[in-house]
Every structure is written in C-alpha cells, then in structure tokens.
Amino acid sequence: MSNTKGSSQKLLALYKPKGYVVTRSDERGRKTVYALLPQWAYDDGWMPIGRLDLESKGLLLFTQDGHIGNKLTKPGGCLKVYEIWVRGHVTDAHIAQAKKGVQSKHGLLKALVVEKLGTGGAKTKLRIIIDEGKNRHIRRLFGALKDPRFHTPLKVLELKRISIGSFKLDIKSGEWRFLNVKEEKMLLNSL
C-alpha cells in the first residue's frame with residue numbers, strides 16, 4: 001500500500017502481533033510496531049492511539065491528528081472490546097467483581113462487560129469491554145482476583161483487542177490498512 005499524500009485518510013489500523021512494543025524506538029532493541037508499517041508512517045509522524053503491551057495482540061489505530069487521538073483515548077470516550085484467555089477458573093463472583101471494579105495503585109480498574117465464551121482445562125475465555133485503558137488494565141484487573149481452587153491470582157495468558165468503537169479488526173496479524181472514509185466517520189461520530 002502506498003502513502004497517498006494529500007489524501008483525507010486520518011486513521012490507519014494495524015493488527016499488532018505479540019512481541020512488538022508500541023513505541024517509536026526501544027532502548028532495549030526490541031521490535032517496534034513501526035517495523036510492520038511503511039517507512040513513511042514513521043517519517044510522517046503517524047502515532048499510535050493508545051497502547052497494547054508487548055505480550056498483547058490485536059487492533060491498534062494510528063493517526064497524525066492529536067485531536068482524534070485524544071477523543072479515542074479519553075476515559076468514557078470509546079468502547080474497546082477484547083478476547084482474553086485467563087489461567088484459572090473464572091466464576092460468576094469474579095465476573096461480578098470485575099464489573100464492580102478493584103482498587104489498584106493505578107486507580108479503580110473495572111470492565112463494563114465480562115462475558116464467558118468458553119473453557120479449556122484450567123483456562124477460561126472471556127470477552128471484555130472497557131471504556132478506558134489504564135496501563136495493563138485488564139491484566140491487572142484479573143490479577144487482583146484469586147482462583148477459588150488454588151488460591152492463586154488469575155492470570156491473563158492471551159489478550160487480543162478485536163474492536164475500538166465501531167471499527168472491528170478485519171485484517172491478518174502483522175498487516176495494516178487505512179480506514180475508509182465511511183469507517184472513519186462512523187468511528188468519530190460515535191464519540
């Protein structure tokens with residue numbers, strides 16, 4: 001895909017794989033998300049909107065427009081949907097607590113929606129919806145809850161962001177694309 005200078009495109013989407021840091025450069029020499037984008041994305045100042053940690057994967061949006069970035073990251077501004085695998089037996093009490101919230105040194109961590117999608121062995125697959133994203137929000141939220149059988153903290157083993165606002169992840173891991181005008185309008189008008 002080529003950079004269309006002067007185009008009206010304000011957002012691009014990347015499916016971030018695990019193992020990439022969301023930063024322009026890394027002092028420890030780790031791969032950054034810019035390794036997955038064309039050189040012009042770095043050179044022209046396309047900035048990530050929000051973050052996904054090194055071990056997380058999924059939808060990451062980029063923009064050159066700080067106002068759009070602020071709208072999409074302000075608490076309560078935009079719903080973000082994740083699918084996660086948690087080590088441990090997630091109970092109805094855990095789900096209720098995650099929706100009520102847990103206090104942490106980062107403030108109150110909570111989810112708007114927690115839906116059990118399935119289980120596999122001692123793992124539980126969940127769909128989580130949040131409207132803010134503190135640093136490692138979902139990992140810390142579930143880490144504050146204890147497995148009733150083993151009395152150990154629940155642990156998020158896998159985390160994938162599948163949508164931001166009205167925009168759903170629809171590309172393969174490591175790929176990127178511009179949002180079209182209709183997608184941009186739908187996403188920005190919903191804020």
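Arg-136 is partly exposed, with 38% of relative accessible area. This residue of the predicted model offers a convenient entry to the structure, since its side chain meets that of Asp-53 in a salt bridge, with N and O 2.9 Å apart. Arg-136 belongs to the loop between β8 (123-130) and α4 (137-143), while Asp-53 belongs to the loop between β2 (47-49) and β3 (57-63), so the bridge ties together parts that are 83 residues apart in sequence. Asp-53, at 17% relative accessibility, counts as buried, because the limit for that class is under 20%. The pair also belongs to a wider arrangement: salt bridges that share partners join Asp-53, Arg-136 and Arg-139 into one network.

Asp-53 leads in turn to Lys-16, a residue of strand β1 (residues 12-16). Lys-16 is buried yet has no salt bridge. The nearest side chain of opposite charge is that of Asp-53, at 6.0 Å; a salt bridge requires the nitrogen to lie within 4 Å of a carboxyl oxygen. Nevertheless, Lys-16 and Asp-53 are in contact. When neighbours within four places in sequence are set aside, the other residues that Lys-16 contacts are Val-22, Val-33, Leu-52, Leu-54, Ser-56, Lys-57 and Gly-58.

Further salt bridges can be followed from here. Side chains of opposite charge can pair when their charged atoms come close. Lys-125 forms such a bridge with Glu-83, the closest N and O atoms being 3.8 Å apart. Here too distant parts of the chain are linked, for Lys-125 lies in strand β8 and Glu-83 in strand β4 (residues 80-87), 42 residues apart. Lys-125 is partly exposed at 24% relative accessibility, and Glu-83 is partly exposed at 25%. Glu-183 and Arg-177 provide another case, their side chains meeting in a salt bridge with an N to O distance of 2.7 Å. Both Glu-183 and Arg-177 are buried. In the whole structure, a search finds 9 salt bridges.

Glu-175 shows another way in which separate parts of the sequence meet. This residue is found in the loop between β10 (167-168) and β11 (176-178), and it counts as partly exposed at 38% relative accessibility. Glu-175 and Leu-37 are 138 residues apart in sequence, but their C-alpha atoms are 8.2 Å apart in space. Beyond its neighbours within four places in sequence, Glu-175 is in contact with Ala-13, Leu-14 and Tyr-15.

The chain as a whole may now be considered. Its secondary structure comes to 5 helices and 11 strands. The radius of gyration is 17 Å, close to the 16 Å that the globule rule gives for 191 residues, so the chain is as compact as a globular protein of that length. Along the principal axes, the C-alpha trace spans about 60 × 40 × 30 Å. Among contacts with a separation of 6 or more, 65% are between residues 24 or more positions apart.

Buried residues make up 43% of the 191 residues. The accessible surface of the chain comes to about 10000 Å², and carbon and sulfur atoms account for 51% of that area. As for charge, the chain carries 36 positive and 18 negative side chains, and the centres of these two sets lie 4 Å apart.

Key
Residues numbered from 1 in each chain as written. Predicted model: local features only at pLDDT ≥ 70, side-chain atom pairs only at ≥ 80, totals over all residues. Heavy atoms only, no water. Helix = DSSP H or I, 4+ residues; strand = E, 2+ residues; numbered from the N terminus. Buried < 20%, exposed > 50% of the residue type's maximum accessible area, 1.4 Å probe, protein only. Lys, Arg positive; Asp, Glu negative; His and termini not counted. Contact = heavy atoms within 4.5 Å. Rg over C-alpha atoms; globule rule 2.2 N^0.38 Å. Areas by Shrake-Rupley, 256 points an atom, 1.4 Å probe, with all protein chains shown as cover. Charge placed at Lys NZ, Arg CZ, Asp CG, Glu CD.
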